[in-house]
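Here is a friendly walk through the cysteines and charged side-chain pairs of a model you can follow on screen. Keep the viewer open as you read.

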Amino acid sequence: MSFLVNRWLMRTLWLLLPCLLWLGTSAMLADGWVKLQLGALHQRLGEHIQTTLDESESLLQLLADKSQGHCSTETLSLMRSLAYDYEEIREAAVLRQNSIVCSSWGRHHPAIPVATSASEYHAGSRQFAPLYGSAFSDLKNYSLIMGLGLAEGVGVNLLLVPEALFTPLQGTDLPYRARLSLSHDGQPLAEAGYGESLLMFDTPLLRRAFPEGPYVDQQQIGPLQLQIYLDAMLFWRSWLWALPLTAGVLLLLGAVPYLLWRRVKQGRCHLSHAVSHELARAIRRHEFFIQYLPTMNHETGECIGAEALIRWRHPRQGIIMPDLFIPIAERTGMIVPMTQWLIEQLAVEMGGWLRAHPECYLSLNVSSAHFESKLFLRRAVQTLQRHGIAPDQITLEITERDLLDKSDESTRKALQLANQYGFKLAIDDFGTGYNNLARLYEFGFELIKIDRSLVRTAVDKQGGDRVFDAVLTVANGYGAPVLVEGVEQITDVAFLATRSIHSLQGWYFSRPVGAADFQQFHGRHSSPDVTTTEQTADDPQLVTLYS
Ligand SMILES: Nc1nc2c(ncn2[C@@H]2O[C@@H]3COP(=O)(O)O[C@H]4[C@@H](O)[C@H](n5cnc6c(=O)[nH]c(N)nc65)O[C@@H]4COP(=O)(O)O[C@H]3[C@H]2O)c(=O)[nH]1
């Protein structure tokens with residue numbers, strides 16, 4: 001039940017994850033795009049307002065220099081040309097005692113009072129030199145007023161057209177709203193919105209139009225503050241637009257590796273299929289043959305058995321070593337009929353020898369795939385019985401890796417069954433890096449084979465002997481005899497000589513050979529001739545060591 005729930009959960013997750021990735025990426029894209037627009041708008045508008053104010057300030061300074069507070073003809077013509085030539089300037093004026101005495105409209109008789117009370121101005125937005133000059137917003141005319149004091153009660157001013165400050169916004173099709181306010185109290189000074197030419201000072205109206213949307217950008221322009229709002233709807237619209245785009249990109253990004261993986265997998269399947277076919281044909285055509293790698297008793301130097309190793313005499317490729325085809329045979333399940341063939345063949349060519357030497361044994365490699373087949377063990381026993389071979393003369397080698405990977409109840413049962421049939425069991429490639437060795441105790445083995453890589457490390461590498469000894473101690477701790485594989489040189493034999501080891505295998509004694517050659521080898525290396533000079537194994541020093 002929980003297995004089904006887990007599967008369902010995994011499937012849902014697999015579907016959900018790409019969807020979330022898609023929605024999230026589109027949202028990020030839409031958000032980035034809106035922010036980009038907002039930033040660009042802000043920069044354009046900010047720069048424009050800054051330039052307008054700077055320019056107005058220098059024009060105001062020019063007016064102050066030229067007029068010195070007098071309404072001369074020269075002053076009047078300068079004021080007129082300012083109002084005429086600059087679209088940002090609505091009016092220029094000379095003031096005395098808070099009254100306009102002349103402006104770009106001409107001389108005023110009597111003078112026009114500019115403000116009846118201070119509350120009609122929002123003052124202090126921008127300070128000009130000399131320090132008592134300031135800018136005001138005039139509530140009545142919706143103007144931005146820049147003033148410059150010249151002497152007590154005397155000054156000049158410019159009325160700016162507020163709309164002119166927002167000109168860069170014209171022509172944009174974004175749902176924006178820009179607001180200019182005085183920094184000292186945050187009072188809104190002017191406001192512009194998409195599709196509107198009106199400038200307002202009504203803050204509640206602004207809030208109604210854009211209720212705290214996520215896209216607000218602010219920037220300080222001198223003491224003036226500029227805020228730009230983009231409608232939150234823009235995000236949703238951009239998101240909708242980004243959805244198909246990201247779907248396309250993600251599909252493309254996902255499709256390329258997927259197609260590559262499919263190709264590789266198909267290629268592999270194709271290859272596996274072809275090789276599996278070839279393997280079946282090879283069994284039928286007797287293209288496989290067996291070589292035997294002798295096992296030597298460490299103490300006496302006698303040959304006590306051999307490991308049966310399969311080889312493939314391919315009609316075109318020549319001899320193929322097991323490393324190449326065993327993994328495919330295991331993947332495709334061909335390993336079981338192959339091993340059945342091996343047992344049959346081994347019984348044929350080595351049956352006589354096994355019966356004549358009941359103290360000797362032969363070992364062969366099996367993997368968890370063999371135990372998954374219900375018939376494998378029964379057929380193996382039947383084959384051996386037909387040839388009068390006792391199953392306890394056959395050791396099944398299973399690798400440490402295979403055992404730990406598949407150490408479930410069914411493997412344990414299969415191993416128990418193999419034991420009940422009389423087979424002996426060996427752990428192969430012991431010490432090759434798995435740290436869960438304690439679990440191997442659960443299986444009960446009669447032989448432990450230390451991997452050949454450990455001998456090489458022990459003899460060729462500094463400190464390797466300590467690693468070897470550590471593994472050997474663990475192996476001996478199981479209480480089963482320990483065999484060391486890969487004994488290649490005299491130095492290996494010397495290294496192992498004083499150690500607690502039951503048996504040895506390796507090219508130092510003999511390479512894997514055919515059945516007849518092996519039986520001859522055994523004849524030369526079994527009691528009582530073991531100490532005779534007939535011992536002409538690959539290396540003559542064998543005689544010296546075991547005499
Ligand atoms: N360099 C060096 N090598 C040595 C020495 N002594 C032995 N060997 C090699 O080490 C391998 C020992 O077999 P394995 O660890 O079971 O490793 C075997 C085993 O896992 C697998 N294999 C071989 N025959 C069979 C088979 O019939 N069935 C299954 N399932 N696997 C097999 O293929 C692997 C390789 O087999 P082989 O190529 O025959 O290689 C053999 C053998 O020739 C030595 O001193 N130096």
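Glu 307 is buried, with a relative accessible area of 5%. Its salt-bridge partner is Lys 449, with 2.8 Å from N to O. Lys 449 is buried as well, at a relative accessible area of 0%. Please keep in mind that this is a predicted model.

Where do Glu 307 and Lys 449 lie along the chain? Glu 307 belongs to strand 13 (residues 303-314) and Lys 449 to strand 18 (residues 447-450), so the pair links distant parts of the chain, 142 residues apart. Both residues also take part in something wider: salt bridges with shared partners join Glu 307, Glu 397, Lys 449 and Glu 485 into one network.

The count of salt bridges comes to ten. Three of these pairs are set side by side here, with the closest N and O atoms giving the distance.

| Acidic residue | Basic residue | N to O distance |
|---|---|---|
| Glu 307 | Lys 449 | 2.8 Å |
| Asp 31 | Lys 35 | 3.1 Å |
| Glu 344 | Arg 386 | 3.3 Å |

Asp 31 and Lys 35 both sit in helix 1, and because they are four residues apart, about one helical turn separates them. Asp 31 is partly exposed, with a relative accessible area of 24%, and Lys 35 is partly exposed at 48%.

The bridge between Glu 344 and Arg 386 links distant parts of the chain, with Glu 344 in helix 7 (residues 335-356) and Arg 386 in helix 9 (residues 376-386), 42 residues apart. Are these two side chains buried or exposed? Glu 344 is partly exposed, with a relative accessible area of 29%, whereas Arg 386 counts as exposed at 57%.

Now for the cysteines. The model holds one disulfide, formed by Cys 71 and Cys 102, with their sulfur atoms 2.0 Å apart. The torsion about the S-S bond of this pair is about -90 degrees, which means the disulfide is left-handed. Cys 71 lies in the loop between helix 1 (2-67) and helix 2 (73-85), while Cys 102 lies in strand 2 (residues 99-103), 31 residues apart. Cys 71 and Cys 102 are both buried.

Cys 303 is in no disulfide. Why is that? The nearest cysteine sulfur, that of Cys 360, is 6.3 Å away, and a disulfide needs the two sulfur atoms within 2.5 Å. Cys 303 is buried, at 2% relative accessibility, whereas Cys 19 is partly exposed, with a relative accessible area of 40%.

Definitions and conventions
Residues are numbered from 1 along each chain as its sequence is written. This is a predicted model: local features need pLDDT of at least 70, side-chain atom pairs count only at pLDDT 80 or more; totals for chains, interfaces and linings use all residues. Side-chain values use heavy atoms; hydrogens and water are left out. Helices (H or I, at least four residues) and strands (E, at least two) are DSSP runs, numbered from the N terminus. Buried means under 20% relative accessible area, exposed over 50%, partly exposed in between (1.4 Å probe, protein chains only). A salt bridge is a side-chain nitrogen of Lys or Arg within 4 Å of a carboxyl oxygen of Asp or Glu.
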